[in-house]
Amino acid sequence: MQLFGKMSLLLLGISVSLCVSAEQTKVVEFNVKPGGVVHTFSERISEYECIFTYASQGGTNEQWLMSVGLSEDDQLFSCSVWRPQGKSYLFFTQFKAELKGAKIEYANAFSETAVTGQRDVPLKPDEFTVGESTVTQRDGKFSAQLSKLTVIGRTRHDEL
């Protein structure tokens, strides 16, 4: 599975942002902790959940944010995990974002998050892999730099 084209992404992003109500969006702050130990942070809306699992080295705790959202028609579930100050100074030995209850339609990972006057810097496509429900680093290819993950999945919500 590869990424949508820029136009598809733009249209999907617009439709997600226009169709998400405040009751169906959460933004939560959490600490990313170094030390080489595997840590997990998760957040859910309704029966949908985003799980971020990682291990990192160097530096001290960093404040990160996780945003989860569900479209008004319950068809799309989104999850973003990022460092709001921009580039992380930690070295990630592994990472995984997992969506529960949704099949991934779009995912991207970034080594730097946009700050004033700059743009997000995406990882190279061969640094991570996108599965049906997970995004994870590709061993031997991942450069250990991560500052943002964005995942959008189609829910398994069926109309009667």
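Is Cys50 buried or exposed? Cys50 is buried, because its relative accessible area is 0%, under the 20% cut-off for that label. Keep in mind that this is a predicted model. The protein has 160 residues, and 45% of them count as buried. Below is a quick tour, starting with the disulfide that Cys50 makes with Cys79.

**The disulfide**

- The count here comes to 1 disulfide, and the two partners are Cys50 and Cys79.
- Their sulfur atoms sit 2.0 Å apart, which is within the 2.5 Å cut-off for calling a disulfide.
- The torsion about the S-S bond of Cys50 and Cys79 is about -60°, so this disulfide is left-handed.
- Cys50 belongs to strand β3 (residues 48–57) and Cys79 to strand β5 (residues 76–82), so the bond ties together parts that are 29 residues apart in sequence.
- Cys79 is buried too, because its relative accessible area is 2%.

**Overall make-up**

- You'll find 1 helix and 11 strands in the protein.
- Going along the sequence, the pattern reads α-β-β-β-β-β-β-β-β-β-β-β, with the helix at the start and the strands following.
- Take the contacts between residues at least 6 apart in sequence: 68% of them join residues at least 24 apart.

**The surface**

- About 8400 Å² of the protein is exposed.
- Carbon and sulfur atoms supply 52% of that exposed area.

**The open sheet**

- 5 strands make up an open sheet, and their order is β2-β3-β6-β10-β9.
- The pairing in this sheet is antiparallel.
- At the edges are β2 (39–45) and β9 (128–130), each of which pairs on one side only.
- On average, neighbouring strands of the sheet are turned by 10° against each other, direction ignored.
- Strand β3, home to Cys50, sits between β2 and β6 in the strand order.

**Zooming in on β2 and β3**

- How many bridges link β2 and β3? These two strands pair in the antiparallel sense over 7 bridges.
- Which residue in β3 is the bridge partner of Arg44? That partner is Glu49.
- So β3 turns up in both stories: β3 holds Cys50 of the disulfide, and β3 also pairs with the edge strand β2.

Note on methods: Residues numbered from 1 in each chain as written. Predicted model: local features only at pLDDT ≥ 70, side-chain atom pairs only at ≥ 80, totals over all residues. Heavy atoms only, no water. Helix = DSSP H or I, 4+ residues; strand = E, 2+ residues; numbered from the N terminus. Buried < 20%, exposed > 50% of the residue type's maximum accessible area, 1.4 Å probe, protein only. Contact = heavy atoms within 4.5 Å. Areas by Shrake-Rupley, 256 points an atom, 1.4 Å probe, with all protein chains shown as cover. Pairing = 2+ DSSP bridges. Axes fitted to C-alpha atoms, helices over the stretch in contact; angles between N-to-C directions.
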